[in-house]
Every structure is written in C-alpha cells, then in structure tokens.
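Visitor: I should like a close look at a single part of this model. Please begin with one position and work outward from there, giving the geometry in full.

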Amino acid sequence: MISNGINGKDVSLLGFGLMRLPRVDGKDSKIDYAASQKLVDFAMANGVSYYDTAFTYAGSEEFAGAALSKYPRDSYSLATKCPPWKIKSADDFERIFNEQLRRCKTDYFDFYLIHNFAQELMRAGGNTDSFEKFEKVGFYDMLMKKKAEGKVRALGFSFHGTIELLEKFVSKYEVDFGQLQINYIDWTATDAKSQYEILNSRNIPITIMEPLRGGALAKLSPQAGKLLKEADPKASIASWGFRYVASLPGVVTILSGMNDMGQLIDNLSTFAYFEPLDEQDKELLYKAASIYKKAGAISCTECGYCMPCPVGVNIPRVFSIYNHARMVGYRIPFDNGYATLDEKEKASACTGCGLCVKSCPQSLDVPKYMQEVDTFAQGSD
C-alpha cells in the first residue's frame, strides 16, 4: 500500500481524512474520541501512515494530536492546512501555525497545505488579478520560511477553483505537491481531468480528496450500482471509485473520510489487493456515472464549508436527504428524513442571500437548488 511518496518520504496510498470523524450524538462540534481512536489504531496497525487534518476542521487537529502522539513520530505522516483567508499579517500566520503545532502535539508537519487558496481569491473577485491580495501579505514567503526552518517538510496546497487560477499558481510558485478533488464524476463534470494534467505534466505529486464525492459514490443509484455489481459481485461500489483515482499516474495518496470500521476494512481490502482499472473497466464506470447523474442528485459532498447559514438552513443535511430520495427513486425516505429538521433548517427558510455560493468548493448555486428541494418537499415534483 506504499506509494512513491513526496520529497522522498514514502506514504500510504490510502490516506485517512480526519474531517468526517464519528461524532457524539451526531453533533458536528464534538468528536467521539473513543470511536475515532479505534479507527486510527486499526488504520495504523494495517499500514495507513498518512493523516490529513486542517485548522478549520472543528476539533480535528486536537484529535490528531491526541490520537497520533501515542505513536513514534516517524511512524506516520501528518498533513494539515492553513487558511489563507485568515492570514492578514505575519502575526496572524505565526499565531495560527504555532496553534496548529500545539493542537497536533508535534514540532513539525510532514505536509503543510495552503487550504483551498482559490477560495480567498474567488471571494475577492474570482479572477487571476486576485493574486495581488495573496501576495500582498507575503503568505508564500512565510510558508517557505517554515520549510527552511524544518517545521514544514513538504509544502502543498488544496484546490477548488478554475483552470486559469491553478495554471497561474503552479507557474508562479514552487510546491512539493497538490491536492485535488478527483473522482469519476468530476473527471468531466468539473474538468478535474484538466486540473490533473496541469500537475501531472509538471511532475507535481498529487493527493486526492473526495474520491467518492463525500460518500455519494459509495452508494450510487440502484441501476448504476447494479451495473457495477454485475461486473464484479465481490467488489464494493466504493472500491470502484478508489481504484479509478489510484490508477492515475502521479497520485501518491487518496484520502478517505472513514467514520466507521466497515468503511475502513473495505478500503484496506481495496488497497491491499489493488488492481488498476483497465480501459474496459473505465468505460463501465463512465456508463454507471451517466446513469447516476440522470437520477438528478445535487453534487454536494457535504463538506460543510457553506455552514453556518445565517438564517439556520442545514444545507448539507437538506441536500443529503434530497439526494437519497432521488437515488432510490421514491419520496418516502425524503419525507421521513425531512420531518426530523426544524423549520428554520429546511429549504423553505432559504433567503437566497448567496453567502453559501461564495464558500462552496463545488461552486453550486445553492439558492437555486434550495428552491428545487422546496418544490419537491411541497409535493410539486
């Protein structure tokens, strides 16, 4: 399960994303330490050495520090991210960086990422001229200083944005790796193919996020799932998604936000006996993707960047309930799930302010989709 690694450091092909850890009573703000520790212990015992967190993942860095510090520091690789939208000065950067070291109980980070640098640029106008703001505070120089000090071993970035922004960034700044959202839906839907080619053509190692689109590609619609099951009855639906991205040259780690033991065991099995997809497999997968997309699901990964909504709409949950109903093809699961939401959490409460659109990595027109869900909720669809 070991890849070629980054900057000479070997890493596991399967990486553990620590954003979607088990929660106590389903509350987003409180991580279930006991359940999450069991997952990390099992992952460590079975060769998973790459762990990914971020400053803005609620409680995640603290958990990473608690869970991983029991192991020798050289037995795992720790990746975290610094949010450029919170950096207005060198003092801001020093404060956040030192806080991350404290939270993670470490003296250095193996992999340190500029967290979704395109988000700040898009907020400032969504064009390459917005680099002026990025450069004005000297953020890149601050990062390179930490690397020179040995507190950052490899410098990278995570990205949700336009091809033009990505091209400009990697042409101007030297980085050790890049983290992209790639899966067999986004390969064409968001032109992840072009993003991949920009990095791969420059021999920049790639780490993958959202290989299953927030878990959506672990379920699929009944027709799409049946197609894959008939092709390989023993393989899980999720395994197809992982094999797709793992078959891409230049990919060194694929992150999975595993929040139960079943997911972890299934993923370990996929990578322990990894077989790249051939062209026939890919064509079958694209066919399944076409069937899936026709089911009418909204391309939400439930990442939560849109939250909190200023009026209280539970955007990820609303989309999750709606997508499930679309996938199974009937509305009873929607009605049951929607009934658990407070009125202020439902799509009908959306005011269309658009703040969520600015922060959505998928660039979804959230207010438009809220109208779609509300129409469905009223039985008009």
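Guide: A residue counts as buried when its relative accessible area is under 20%, and as exposed when that value is over 50%. The model examined here is a predicted one. By that criterion V48 is buried, because its relative accessible area is 1%. V48 sits in the loop between α1 and β2, the latter covering residues 50–52. Its C-alpha lies 17 Å from that of P211, a residue 163 positions away in sequence.

On one side of this loop stands α1, which spans residues 33–45. A45 belongs to this helix. With a relative accessible area of 65%, A45 is exposed, whereas V48 in the loop is buried. The C-alpha atoms of A45 and D10 are separated by 17 Å, and the two residues are 35 apart along the chain.

The packing of α1 may now be considered. Two packed helices are described by the angle between their axes and the distance between the axes. For α1 and α12 (residues 261–272), the angle is about 15° and the axes are 10 Å apart. An angle under 35 degrees counts as roughly parallel, so α1 is roughly parallel to α12. The crossing of α1 past α12 is right-handed. From α1, the contact is formed by K38, L39, F42 and A43; from α12, it is formed by M261, L264, I265 and L268. By class, these residues comprise seven nonpolar, no polar and one charged.

Helix α2, residues 60–68, also packs with α1: their axes come within 10 Å and cross at roughly 55°. This angle makes α1 oblique to α2. The handedness of this crossing is right-handed. On the α1 side, Y33, S36, Q37, V40 and M44 take part in the contact, and on the α2 side E62, F63, A66, A67 and L68 do so. Seven of the residues in the contact of α1 with α2 are nonpolar, two are polar and one is charged. In the contact of α1 with α12, by comparison, no polar residue is present.

A further helix pair offers a reference for these values. Helix α11 (residues 237–246) packs with α13 at an angle of about 125°, and the two axes are 11 Å apart. The orientation of α11 and α13 is therefore oblique. Their crossing is left-handed. W240, R243 and Y244 represent α11 in the contact, while D281, K282, L284, L285 and Y286 represent α13. The class composition is five nonpolar, no polar and three charged residues.

The loops deserve the same attention at the level of the backbone. Most residues other than glycine have a negative phi, and most peptide bonds are trans. K105 is not a glycine, yet its phi is positive, at about 55°. This residue is placed in the loop between α3 (90–104) and β4 (109–114). K105 counts as exposed, since its relative accessibility is 54%. L220, likewise not a glycine, has a positive phi of about 60°. The loop that holds L220 runs between β7 (206–209) and α10 (222–231). L220 is buried, because its relative accessible area is 6%. The two positions thus stand on opposite sides of the classification: K105 is exposed and L220 is buried.

The peptide bond from M307 to P308 is cis, with omega near 0°. P308 is located in the loop between α13 (279–294) and α14 (315–328).

One last helix, α17, covers residues 366–377. Its 12 residues reach 16 Å from the first C-alpha to the last, close to the 16 Å expected at 1.5 Å a residue. Within α17 the buried residues are V366, P367, Y369, M370, V373 and F376. Just after this helix, G379 adopts a positive phi of about 80°.

To return to the starting point: V48 is buried in the loop that follows α1. That helix is roughly parallel to α12 and oblique to α2.

Definitions and conventions: Residues are numbered from 1 along each chain as its sequence is written. This is a predicted model: local features need pLDDT of at least 70, side-chain atom pairs count only at pLDDT 80 or more; totals for chains, interfaces and linings use all residues. Side-chain values use heavy atoms; hydrogens and water are left out. Helices (H or I, at least four residues) and strands (E, at least two) are DSSP runs, numbered from the N terminus. The expected span of a helix is 1.5 Å times one less than its number of residues. Buried means under 20% relative accessible area, exposed over 50%, partly exposed in between (1.4 Å probe, protein chains only). Axes are lines fitted to C-alpha atoms, for helices over the stretch in contact, and angles run from 0 to 180 degrees between N-to-C directions. Angles under 35 degrees count as roughly parallel, over 145 as roughly antiparallel, 65 to 115 as roughly perpendicular and the rest as oblique. A crossing is left-handed if the near helix is turned anticlockwise from the far one by less than a right angle, and right-handed if clockwise. Contact means heavy atoms within 4.5 Å. Ala, Val, Leu, Ile, Met, Phe, Trp, Tyr, Cys and Pro count as nonpolar, Asp, Glu, Lys and Arg as charged, and the others, Gly among them, as polar.
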